[in-house]
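Q: I'd like to take a close look at one part of this model, and I'd welcome a friendly walk through it. Here is what I have in front of me.

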Amino acid sequence: MKKCHATGAIILPCLVAAFTCLPHPLQAADAPGSPAVSKLLLEAKKQSSLIAADATLLRSYGQSNLDWTTHGKQITRMRNHINAAAKTVTALDSLKSHAAPWQAVAIGRILPYMREMAEDTTNAIDYINKNQSRLSDKEYKDYIEANSDMSRELATLVAQFVDYGNSKGNYEKLQQKLEFPGK
Amino acid sequence: MTNHKTFRISMIVSLVAGIVGLSPTLQAANEESVSKLLAQAKTQSYAISVDATTLEAYTRQPTLDWSTHATEINRMRADINAAGQTVTALNDAKAQAAAWQATAIDRIIPYLREIATNTTAAIEFLNKNQMRLKSAEYKDYIEANSDTSQELASLIAHFVDYGNHKSRYDSLRNTLELPAK
């Protein structure tokens, strides 16, 4: 049997730190879309897509008898991706006062998903650390399934906001080029 | 030597009918069908601009026979006639169109009319002056057509693009439940 505490270090310190330090007085400026925010949203889109892929893979492990170390590796990869996304979301939040209203809405909607995923992932890691031979239990499966659903929703949401920003930008550019009013 | 009388290019009858006689009849059409017609006009105007560019290139090659010009201008005539039918259908659907689509239709018509007039003039010139294809008059028709057709193709492409982005933008705004501004 493998050593049970090999993944004992898998805790999400910087993930938790990233979400507890978020500034709160957030104002949406009536400015055009900030290119810096758009760039970060694009980054968040890629990262959330990676997290969704991680979570889907982890969920598929729940339907097999794979060793806990396989779960451990996959959840570590997912943790790293969540941590990277958390940095992006923190940067987004710090730029919120310079963002266009729709970008501020996007940031506001992304945050709770990230927070919930971080929480679920932390719980799943804690669970693996303490119950390496009980990975078919409902409690663990619930964390993994919730994460999988949540991560897919987040990936879709971020992708839609990025798409919205692109369409809005192109639409407004052509509106100017063709010299006609907004309606 | 080519027999000057054996090749006669017919006039752009249906085009003239299509452009000059734009039917005022309003047909039931929604924004989607207008968008489809605009997409069709985009393809057709692109074909016209390719024809016109080819024809313009011919004017820089003095050794080409007039029948080569005639074949190309005949192709162009056919493409303009097809576009003329699309624009007539667009004009008929204008009352049902969105504001931006109506603007598009209004802006397309003068371009197509000008291309038709120029092409008709070039065909008449070609019919009467098969040995004078280097003359400034003929070159002017061809060059003007080339410029106008490229502008038209670009204009329609922009409108089609605009429609696609607008539709995507509106749909995502609904999905994301965002306010209009």
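What pattern does chain A follow, read along the sequence? And could you then look closely at α2 of chain A: which of its residues are buried, and what covers them?

A: Happy to. Please keep in mind that this is a predicted model. Read along the sequence, chain A runs α-α-α-α-α, and its secondary structure amounts to five helices and zero strands. Of the 183 residues in chain A, 35% are buried. Among the chain A contacts between residues at least 6 apart in sequence, 84% join residues at least 24 apart.

Now to your helix. α2 of chain A covers residues 35–61, 27 residues in total. From its first C-alpha to its last it reaches 39 Å, close to the 39 Å expected at 1.5 Å a residue.

The buried residues of α2(A) are Val37(A), Leu40(A), Leu41(A), Ala44(A), Lys45(A), Gln47(A), Ser48(A), Ile51(A), Ala52(A), Asp54(A), Ala55(A) and Leu58(A). When you read such a list, it helps to recall that an α-helix has 3.6 residues a turn, so residues three or four places apart point the same way. The cover over the buried residues of α2(A) includes α3 (68–94), α4 and α5 of chain A.

Two of these buried residues, Leu41(A) and Ala44(A), also appear in the largest nonpolar core, which has 76 residues. Leu41(A) and Ala44(A) are among the residues with the most contacts inside that core, and so are Ile110(A), Met114(A), Ala41(B), Ile108(B) and Leu112(B). At least two core residues come from each of α2, α3, α4 and α5 of chain A, and likewise from each of α2 (31–58), α3 (66–92), α4 and α5 (136–175) of chain B. α4(A) supplies the largest share, 13 residues.

On the chain B side, Ala41(B) touches Ala83(B), Thr86(B), Val87(B), Leu90(B), Ile108(B) and Ile156(B), leaving out residues up to four places away in sequence.

Finally, the contact between the chains takes 16 residues from chain A and 16 residues from chain B. On the side of chain A that touches chain B, α4 (101–130) and α5 (138–177) each supply at least two residues. α5(A) gives the most, with eleven residues. By type, that side of chain A divides into eight nonpolar, four polar and four charged residues.

Terms used
Residues are numbered from 1 along each chain as its sequence is written. Chains are lettered from A and ligands numbered from 1 in the order in which they are written. This is a predicted model: local features need pLDDT of at least 70, side-chain atom pairs count only at pLDDT 80 or more; totals for chains, interfaces and linings use all residues. Two residues are in contact if their C-beta atoms, placed from the backbone, lie within 7 Å. Helices (H or I, at least four residues) and strands (E, at least two) are DSSP runs, numbered from the N terminus. Ala, Val, Leu, Ile, Met, Phe, Trp, Tyr, Cys and Pro count as nonpolar, Asp, Glu, Lys and Arg as charged, and the others, Gly among them, as polar. A residue is buried if 20 or more other C-beta atoms lie within 10 Å of its own, exposed if 12 or fewer, and partly exposed in between; C-beta atoms are placed from the backbone. The expected span of a helix is 1.5 Å times one less than its number of residues. A nonpolar core is a set of buried Ala, Val, Leu, Ile, Met, Phe, Trp, Tyr and Cys residues joined through C-beta atoms within 7 Å.
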